[in-house]
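Work through the exercises below with the structure at hand, trying each task before reading its solution.

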Amino acid sequence: MRVVSLILVAALLGVPSVFYGEALGLSVSAIFLATVVGSMAGVSANLLASHWIVARIEARAERNGTASKLERLGDRAAPILERGGLIGVGLVGPIVLGTFGTALICPALGISRRRVFVALLGGVSFWCAVLAVVSELLVSAYGAPA
């Protein structure tokens with residue numbers, strides 16, 4: 001049941017839910033797998049809905065006569081995309097824009113959903129592994145005695 005709750009939290013929050021898994025007392029491997037599965041489930045849902053979400057955000061901005069939030073996110077993502085390509089977006093995006101922001105902005109910039117999914121799978125896996133190990137080390141060094 002703890003793993004299922006971690007998957008659900010990861011689907012909503014993304015990579016930072018690693019710390020929730022550590023609070024649940026799960027092993028590092030269980031935290032890693034559940035967080036990656038949950039995060040990618042959330043990314044998949046976001047990628048499937050990205051066209052609709054982007055159209056709604058742009059329509060609202062046009063009605064209000066302001067710049068859309070996606071344009072501002074696109075301004076942040078463009079230098080990352082130019083410097084590091086899609087791999088850079090996959091690695092830096094989950095930290096700078098969040099997994100869901102990256103999943104929204106990349107299709108808006110014209111990148112195929114499949115390529116975004118693969119790049120985010122690599123980036124999410126990398127950051128989940130790093131954060132799971134770091135949180136385990138911190139809890140073992142500074143955590144309350146059992």
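**Exercise 1. Determine how helix 3 and helix 5 are oriented to each other, and which residues form their contact.**

Solution. In this predicted model, the axes of helix 3 and helix 5 cross at roughly 45° and come within 9 Å. Angles under 35 degrees count as roughly parallel and those from 65 to 115 as roughly perpendicular, so helix 3 is oblique to helix 5. The handedness of this crossing is right-handed. On the side of helix 3, the contact is made by Gly-42, Val-43, Asn-46, Leu-47, Ser-50, Ile-53 and Val-54, and these meet Thr-99, Phe-100, Ala-103, Leu-104, Pro-107 and Ala-108 of helix 5. Sorted by class, the residues of this contact divide into 9 nonpolar and 4 polar, with no charged residue.

**Exercise 2. Carry out the analysis for helix 5 and helix 6, and state which class of orientation the pair belongs to.**

Solution. Helix 5 covers residues 98–108 and helix 6 covers residues 113–142; they pack at an angle of about 155°, with their axes 10 Å apart. Since angles over 145 degrees count as roughly antiparallel, helix 5 and helix 6 are roughly antiparallel to each other. Helix 5 passes helix 6 in a crossing that is right-handed. Helix 5 contributes Thr-99, Thr-102, Ala-103, Cys-106 and Pro-107 to the contact, while helix 6 contributes Arg-113, Val-116, Leu-120 and Val-124. The classes are 6 nonpolar, 2 polar and 1 charged. Comparing the two lists for helix 5, one finds Thr-99, Ala-103 and Pro-107 in the contact with helix 3 and again in the contact with helix 6.

**Exercise 3. Check the length of helix 1 against the expected span, then describe how helix 1 packs on helix 3.**

Solution. Helix 1 (residues 2–13) has 12 residues, which at 1.5 Å a residue should span 16 Å, and the distance of 16 Å between its end C-alpha atoms agrees with this. Just after helix 1, Gly-14 takes a positive phi of about 85°. As for the packing, helix 1 and helix 3 (residues 28–64) have axes 7 Å apart and an angle of about 40°, and the pair is therefore oblique. The crossing of helix 1 past helix 3 is right-handed. Val-3, Leu-6, Ile-7, Ala-10 and Ala-11 of helix 1 make the contact with Ala-30, Ile-31, Ala-34, Thr-35, Gly-38, Ser-39 and Gly-42 of helix 3. This contact has 8 nonpolar and 4 polar residues, and no charged ones. Gly-42 of helix 3, listed here, is also listed in the contact with helix 5.

**Exercise 4. Decide whether Pro-16 and Ser-135 are buried or exposed, and place each in the fold.**

Solution. Pro-16 lies in the loop between helix 1 and helix 2 (18–23). Its relative accessibility is 52%, so Pro-16 counts as exposed. From Pro-16 to Ala-132 the C-alpha distance is 9.7 Å, although 116 residues separate the two in sequence. Ser-135 belongs to helix 6, and with 3% relative accessibility Ser-135 counts as buried. Leaving aside residues up to four places away in sequence, Ser-135 touches Val-18, Phe-19 and Glu-22.

**Exercise 5. Summarise the architecture of the whole protein.**

Solution. The protein has 6 helices and 0 strands, running α-α-α-α-α-α from the N terminus on. Its C-alpha atoms fill a box of roughly 55 × 30 × 25 Å along the principal axes. Of the 146 residues, 36% are buried. Among contacts with a separation of 6 or more, 67% join residues 24 or more positions apart.

Technical notes. Residues are numbered from 1 along each chain as its sequence is written. This is a predicted model: local features need pLDDT of at least 70, side-chain atom pairs count only at pLDDT 80 or more; totals for chains, interfaces and linings use all residues. Side-chain values use heavy atoms; hydrogens and water are left out. Axes are lines fitted to C-alpha atoms, for helices over the stretch in contact, and angles run from 0 to 180 degrees between N-to-C directions. Helices (H or I, at least four residues) and strands (E, at least two) are DSSP runs, numbered from the N terminus. A crossing is left-handed if the near helix is turned anticlockwise from the far one by less than a right angle, and right-handed if clockwise. Contact means heavy atoms within 4.5 Å. Ala, Val, Leu, Ile, Met, Phe, Trp, Tyr, Cys and Pro count as nonpolar, Asp, Glu, Lys and Arg as charged, and the others, Gly among them, as polar. The expected span of a helix is 1.5 Å times one less than its number of residues. Buried means under 20% relative accessible area, exposed over 50%, partly exposed in between (1.4 Å probe, protein chains only).
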